[in-house]
Amino acid sequence: MSKAMAAQPTSPLSRLWYKWRFHINILLVIIPLAFMPKYFADMALFRGTSGLGERTIGEVPVGPWSITLAEFRAAPPELDGPAGYMKIFTGALCKECIGQVKATYLRIGKPRSLRAAGGIFFGSAYRMGATVPLPTRTKADAELWITMEGWDGSVHQAAVPLDQASPSTVAWLQKQQGGKP
């Protein structure tokens, strides 16, 4: 009687696989678990359960209305292809002004008119988002302008210094300009 013996793998890769397959499969489970805390933090940020953003600027009065403004990510602006560098801000309108405000815009530098008011906030009035382009000639002492248009046709504006709105952007601008203010 002959005993049937399993054929031994012949290639070195095959031998390596048979020897270490259990350990490699355990790694395939452990590695994704290492990224779970960042994933859950990002999901809380996107859902809004951790607030408006990573850094809340505060409530900014704009004429008779007000908006609570926040930096979505407390990081330098990100390059968005040919559009240039962009920064994302989030906001929430005050409860009294939700029915009165038609549109809210955000821009770096004072807008010349309502047509050039900047990036429009999108989303619900309780959690809106706007992407603001950073012009190439932006100075570190620039201002972030908020423009609100009411259903009655009124337009109100307010400015927040950029160093108060986004210190990471100001630091990034100074680094881009070689340390000049």
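This report describes the pockets, the salt bridges and the surroundings of Glu71 and Ser168 in a predicted model.

## Pockets

The largest pocket encloses a volume of about 220 Å³. Its lining is made up of Arg73, Ala75, Pro76, Pro77, Glu78, Leu79, Asp80, Met86, Lys87, Ile88 and Thr131. Two strands, β3 (78-79) and β4 (85-93), each contribute at least two residues to this lining. Strand β4 provides the largest share, 3 residues. By class, the lining of the largest pocket comprises 6 nonpolar, 1 polar and 4 charged residues.

The second largest pocket holds about 160 Å³ of space. Tyr85, Leu134, Pro135, Thr136, Arg137, Thr138, Trp172, Leu173, Gln176 and Gln177 line this second pocket. Helix α4 (residues 167-176) gives the most to that lining, with 3 residues. The classes represented in the lining of the second largest pocket are 5 nonpolar, 4 polar and 1 charged.

## Salt bridges

The whole structure contains 5 salt bridges. Three of them are set out below.

| Salt bridge | Closest N and O atoms |
|---|---|
| Glu54 and Arg73 | 3.2 Å |
| Arg55 and Glu71 | 3.3 Å |
| Lys87 and Glu71 | 2.8 Å |

Glu54 and Arg73 form a salt bridge with a closest N to O distance of 3.2 Å. This pair links distant parts of the chain, 19 residues apart: Glu54 belongs to the loop between α2 (36-47) and β1 (55-62), and Arg73 to the loop between β2 (65-71) and β3. Glu54 is partly exposed, at a relative accessible area of 44%. Arg73 also counts as partly exposed, with a relative accessibility of 24%. Arg73 is in addition one of the residues that line the largest pocket.

In the salt bridge between Arg55 and Glu71, the closest N and O atoms are 3.3 Å apart. Because Arg55 lies in strand β1 and Glu71 in strand β2, the pair ties together parts that are 16 residues apart in sequence. Arg55 is partly exposed, its relative accessible area being 26%, whereas Glu71 counts as buried at 1% relative accessibility.

Glu71 also forms a salt bridge with Lys87, where the closest N and O atoms lie 2.8 Å apart. Lys87 is in strand β4 and Glu71 in strand β2, so this pair too connects parts that are 16 residues apart in sequence. Lys87 is buried, with a relative accessible area of 4%. Through shared partners, salt bridges join Lys38, Asp42, Glu54 and Arg73 into one network. Lys87, like Arg73, appears in the lining of the largest pocket.

## The surroundings of Glu71

Glu71 is located in strand β2. With a relative accessible area of 1%, Glu71 is classed as buried because that value falls under 20%. When neighbours within four places in sequence are left aside, the contacts of Glu71 are Gly53, Glu54, Arg55, Ile57, Lys87, Ile88, Phe89, Ala165, Ser166, Pro167 and Ser168. Among these are both of its salt-bridge partners described above, Arg55 and Lys87. The side chain of Glu71 further makes a polar contact of 3.4 Å with the side chain of Ser168.

## Ser168 and helix α4

Ser168 is part of helix α4. Besides the polar contact with the side chain of Glu71, the side chain of Ser168 reaches the backbone oxygen of Ala75 at 3.0 Å. Apart from neighbours within four places in sequence, Ser168 is in contact with Glu71, Ala74, Ala75, Pro76 and Lys87. Of these contacts, Ala75, Pro76 and Lys87 also belong to the lining of the largest pocket.

The buried residues of helix α4 are Ser168, Thr169, Val170, Trp172 and Leu173. Together, the buried residues of α4 pack against β2, β4 and α3 (162-165). Two of the residues buried in α4, Trp172 and Leu173, are included in the lining of the second largest pocket. After α4 comes Gly178, which has a positive phi near 80°.

## Summary of the shared residues

Glu71 takes part in salt bridges with Arg55 and Lys87 and in a polar contact with Ser168. Ser168, in turn, contacts Lys87 as well as Glu71. Lys87 lines the largest pocket, and helix α4, which contains Ser168, supplies 3 residues to the lining of the second largest pocket.

Notes: Residues numbered from 1 in each chain as written. Predicted model: local features only at pLDDT ≥ 70, side-chain atom pairs only at ≥ 80, totals over all residues. Heavy atoms only, no water. 1 Å grid on protein atoms, 1.4 Å probe; cavity = no way out; pocket = protein on both sides within 12 Å on 5 of 7 lines; lining within 4 Å. Points joined across faces, edges and corners; volume = space filled by probe spheres on them. Helix = DSSP H or I, 4+ residues; strand = E, 2+ residues; numbered from the N terminus. Nonpolar A, V, L, I, M, F, W, Y, C, P; charged D, E, K, R; others polar. Salt bridge = Lys/Arg side-chain N within 4 Å of Asp/Glu carboxyl O. Buried < 20%, exposed > 50% of the residue type's maximum accessible area, 1.4 Å probe, protein only. Polar contact = N/O pair within 3.5 Å; in protein donor to acceptor, adjacent residues only side chain to side chain. Contact = heavy atoms within 4.5 Å.
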